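Dear colleague,

Please find below the structure I am handing over to you, together with its sequence. My notes on what was found in it follow directly after.

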Amino acid sequence: FFVYTNSPKTSVNDVAQYDSWLDSWRTSQLKPGQNFLDAGWSKDAYKEHSNVMQWALSKESNGALNLRIPGLEQYTRDVVG
């Protein structure tokens, strides 16, 4: 699964599909963007998504993969929620 998902040839199209539930994790998956337009995204939706994801992938965002934090479910239920 991970080899398939991480393959640039397949992931470029998968991240553009709404039903894949995958977000772009490489800037190469965002540009030039024809993969998103071919998947049915409007130009405005693609531009907004691309801007947000490029920021999220940048050094400025300080992003983290929060799904890997042990105890996340208990934290979000007891502390946040």
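**Ser20 and its surroundings**

Leaving aside residues up to four places away in sequence, Ser20 touches Asp14 and Val15. Please bear in mind that this is a predicted model. Ser20 is placed in the loop between helix H2 (8–14) and helix H3 (34–38). With a relative accessibility of 23%, Ser20 counts as partly exposed, since the buried class ends at 20%.

The loop between H2 and H3 also holds Pro32. The peptide bond that joins Lys31 and Pro32 is cis, with omega at about 10°. This deserves a remark, as most peptide bonds are trans.

**Overall architecture**

The chain contains five helices and zero strands, and from the N terminus its elements run α-α-α-α-α. It has 81 residues, of which 21% count as buried. The accessible surface of the chain amounts to about 6,600 Å², and carbon and sulfur atoms account for 57% of that surface. Among contacts between residues at least 6 apart in sequence, 17% join residues at least 24 apart.

**The nonpolar core**

Which residues make up the largest nonpolar core? There are seven in all: Val15, Ala16, Leu30, Phe36, Trp41, Tyr46 and Met53. In soluble globular proteins, nonpolar side chains tend to be buried together. Val15, one of these core residues, is also one of the two residues listed above as touching Ser20.

Leu30, another member of the core, has a list of contacts that includes Phe36, Tyr46 and Met53. Leu30 also touches Ser24, His49, Ser50, Gln54 and Leu57, where residues up to four places away in sequence are again not counted.

**Helix H4**

Helix H4 covers residues 43–56, 14 residues in total, and reaches 20 Å from its first C-alpha to its last. That span is close to the 20 Å expected at 1.5 Å a residue. The buried residues of H4 are Tyr46, His49, Ser50 and Met53. Seen down the axis of H4, these buried residues fall within an arc of 105°, so they line one face of the helix. They pack against H3. On the other side of H4, Asp44, Lys47 and Glu48 are exposed. Each of the four buried residues of H4 also appears among the contacts of Leu30.

**Aromatic residues**

How many aromatic pairs does the count come to? The count comes to two. Phe36 and Trp41 form an edge-to-face pair, with 4.9 Å centre to centre and 85° between the planes. Phe36 counts as buried at 0% relative accessibility, and Trp41 counts as buried at 11%.

Phe36 also pairs with Tyr46: their ring centres lie 5.3 Å apart and their planes stand at 35°, so this pair is tilted. Because Phe36 lies in helix H3 and Tyr46 in helix H4, the pair ties together parts that are 10 residues apart in sequence. Both Phe36 and Tyr46 are buried. Phe36, Trp41 and Tyr46 form one aromatic cluster, and these three residues also belong to the largest nonpolar core.

With kind regards

Definitions and conventions:
Residues numbered from 1 in each chain as written. Predicted model: local features only at pLDDT ≥ 70, side-chain atom pairs only at ≥ 80, totals over all residues. Heavy atoms only, no water. Helix = DSSP H or I, 4+ residues; strand = E, 2+ residues; numbered from the N terminus. Buried < 20%, exposed > 50% of the residue type's maximum accessible area, 1.4 Å probe, protein only. Contact = heavy atoms within 4.5 Å. Areas by Shrake-Rupley, 256 points an atom, 1.4 Å probe, with all protein chains shown as cover. Core = buried A, V, L, I, M, F, W, Y, C linked by side-chain atoms within 4.5 Å. Expected span 1.5 Å × (residues − 1). Arc of directions from axis to C-beta. Phe/Tyr/Trp six-rings, centres within 6.5 Å; stacked < 30°, edge-to-face > 60°.
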